[in-house]
Amino acid sequence: SAVTRSGAAVGFGANTKCTQAAATFVDDATGTLLLHHDDGGAVIAIALHPDRTLGARMTVASPALEPRAAATTDGTWVSYATSGMLEAALVDGTGAPGTKVMLGAIADATSQTVVTAGDTAYALWLDGDLEIARLCP
């Protein structure tokens, strides 16, 4: 894909700064889902619309950290670590969470990701061995 438009920066997060940022393109109508870890310890989602406006701030999970995301036609799967466990939530185009799935123990919150193969999402993480889970709505 190519950069088709540029302009002034769009700040988001506490004081227009964020940590543990992630993003995934959803579709041409929705735009991009931005994720970050806020100062209160939550994973936050904000939709960046195609017209460069920001949607409402949505809490995906709290306490949680190290968000990862991948979009499917069912919505966007967001994985994150919470209390030593890996969890995933299916969020809609606004970032509002729906289905949540507890996946298993995770020793290092950074050793995980969400990927898609076709229109199916999978969570992968390390906890001694490589773990993989198919994510279903």
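The following exercises, with worked solutions, concern a predicted model.

**Exercise 1. The surroundings of Glu87**

Task: Determine which side chain of opposite charge is nearest to Glu87, and decide whether the two form a salt bridge.

Solution:
- Step 1. Locate the residue: Glu87 belongs to strand β7, which covers residues 85-91.
- Step 2. Glu87 is buried, and the nearest side chain of opposite charge is that of Lys100, 4.5 Å away.
- Step 3. A salt bridge requires a side-chain nitrogen of Lys or Arg within 4 Å of a carboxyl oxygen of Asp or Glu. Glu87 therefore has no salt bridge, with Lys100 at 4.5 Å.
- Step 4. Look for a polar partner instead: the side chains of Glu87 and Tyr80 make a polar contact at 2.5 Å.
- Step 5. Complete the environment: beyond residues up to four places away in sequence, Glu87 touches Val78, Ser79, Tyr80, Thr82, Lys100, Val101, Met102 and Leu103.

**Exercise 2. Backbone geometry**

Task: Examine the backbone at Pro63, Glu66 and Ser83, and classify Glu66 and Ser83 as buried or exposed.

Solution:
- Step 1. Recall the usual case: most residues other than glycine have a negative phi, and most peptide bonds are trans.
- Step 2. The peptide bond leading from Ser62 to Pro63 is cis, its omega being near -5 degrees. Pro63 sits in the loop that joins β4 (58-61) and β5 (65-72).
- Step 3. Glu66, which is not a glycine, has a positive phi of about 55 degrees. This residue is part of strand β5.
- Step 4. Ser83 also is not a glycine and has a positive phi, near 50 degrees. Ser83 is placed in the loop between β6 (75-82) and β7.
- Step 5. Apply the cut-offs of under 20% for buried and over 50% for exposed. Glu66 is buried because its relative accessibility is 14%, whereas Ser83 is exposed because its value is 70%.

**Exercise 3. The nonpolar cores**

Task: State how many residues the largest nonpolar core has and which of them have the most contacts inside it; then describe the contacts of Leu135.

Solution:
- Step 1. The largest nonpolar core has 15 residues, and those with the most contacts inside it are Trp77, Leu103, Val114, Trp125 and Leu135.
- Step 2. At least two residues of this core come from each of β6, β7, β10 (120-127) and β11 (129-135).
- Step 3. Leaving aside residues up to four places away in sequence, Leu135 touches Trp77, Ala88, Leu103, Val114, Ala121, Tyr122 and Ala123.
- Step 4. Another core, of 13 residues, lies apart from the largest one; among its members are Leu33, Leu35, Tyr80 and Ala89.
- Step 5. Link this to Exercise 1: Tyr80, a member of that other core, is the residue whose side chain makes the polar contact with Glu87.

Notes. Residues numbered from 1 in each chain as written. Predicted model: local features only at pLDDT ≥ 70, side-chain atom pairs only at ≥ 80, totals over all residues. Heavy atoms only, no water. Helix = DSSP H or I, 4+ residues; strand = E, 2+ residues; numbered from the N terminus. Buried < 20%, exposed > 50% of the residue type's maximum accessible area, 1.4 Å probe, protein only. Lys, Arg positive; Asp, Glu negative; His and termini not counted. Polar contact = N/O pair within 3.5 Å; in protein donor to acceptor, adjacent residues only side chain to side chain. Contact = heavy atoms within 4.5 Å. Core = buried A, V, L, I, M, F, W, Y, C linked by side-chain atoms within 4.5 Å.
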